[in-house]
Amino acid sequence: MRRIRIFVLLETLLVALAITPAEAVPVQGPVGYFYELVPTAVTWPIARAAALASSHQGVPGHLAIVTWAAVDSFLAGLAPIGWHGGSDQASEGTWTWSEGPQANQVFWIGGPGGSAPGGVYTNWGVAQPDNGGVQNFLLRGPAGWDDFGGVQPYSVRYAAPEPGTFLLFGAALA
């Protein structure tokens, strides 16, 4: 009976893995975080809510925060276009990170001629952010960051799981 339960559990796990798109598997990037590309095109608020509702190995997620050039390059390699966790919705022209360890940290003030407080990392495209129309959300575009307001895929960031997470998961199966 025990062998049958283990077989059914393994079969269920394999089926779940088979129907999960390859893009949805979080991969470890630079600086120890895990990143997941979600290819579904949605608005930034929906992407934010979905990212906050997600988890990887018991660690909650949030839209990707990009504070290093290496992370920016890594994410561009996963998908050249996608939402990141920055917004100036609370105060036009004052860009802050929405969640994570840098929540509410200002990373840009102003439009195309603005500045990054304290020299924090940014990668705005030419003439960005242009604040054209209702563009309050940070998009990673093929030519750098852009302020945008449509629908796009998005990237979720997860902190590295605590050591032993796989062991605890495995122990629960025994």
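# Notebook: fold, salt bridges and one loop residue

**Entry 1, overall layout.** Reading along the sequence, I noted that the protein chain follows the pattern α-β-β-α-β-β-α-β-β-β-β-β-β-α, which I checked against the tally of four helices and 10 strands. I keep in mind throughout that this is a predicted model.

**Entry 2, chain totals.** I looked up burial next, and found that buried residues make up 37% of the 174 residues in the protein chain. For the surface, I recorded an accessible area of about 9400 Å², with 65% of that area belonging to carbon and sulfur atoms. Turning to contacts between residues at least 6 apart in sequence, I found that 58% of them join residues at least 24 apart.

**Entry 3, salt bridges.** How many salt bridges does the count come to? I obtained two salt bridges, and I took them one at a time. Side chains of opposite charge can pair when their charged atoms come close.

The pair I opened with is arginine 48 and glutamate 99, whose side chains meet in a salt bridge at 2.3 Å, N to O. I placed arginine 48 in helix α2 (residues 44-53) and glutamate 99 in the loop between β6 (94-97) and β7 (106-109), so this pair ties together parts that are 51 residues apart in sequence. I then asked whether each partner is buried or exposed: arginine 48 is partly exposed, because its relative accessible area is 31%, whereas glutamate 99 is buried, with a relative accessible area of 11%.

The other pair is aspartate 72 with arginine 140, where I read 3.3 Å between the closest N and O atoms of the salt bridge. This pair, too, links distant parts of the chain, since I located aspartate 72 in helix α3 (residues 69-78) and arginine 140 in strand β8 (residues 137-141), 68 residues apart. I noted that aspartate 72 and arginine 140 are both buried.

**Entry 4, alanine 159.** I finished with a residue in a loop, alanine 159, which I found between β10 (152-158) and α4 (165-173). Alanine 159 counts as partly exposed, because its relative accessible area is 33%, a value that falls between the 20% and 50% limits. Which residues is alanine 159 in contact with, leaving aside its neighbours within four places in sequence? I listed Tyr33, Phe34 and Val59. I also recorded the separation from histidine 62, which is 97 residues away from alanine 159 in sequence and 9.6 Å away in space, C-alpha to C-alpha.

Note on methods
Residues numbered from 1 in each chain as written. Predicted model: local features only at pLDDT ≥ 70, side-chain atom pairs only at ≥ 80, totals over all residues. Heavy atoms only, no water. Salt bridge = Lys/Arg side-chain N within 4 Å of Asp/Glu carboxyl O. Helix = DSSP H or I, 4+ residues; strand = E, 2+ residues; numbered from the N terminus. Buried < 20%, exposed > 50% of the residue type's maximum accessible area, 1.4 Å probe, protein only. Contact = heavy atoms within 4.5 Å. Areas by Shrake-Rupley, 256 points an atom, 1.4 Å probe, with all protein chains shown as cover.
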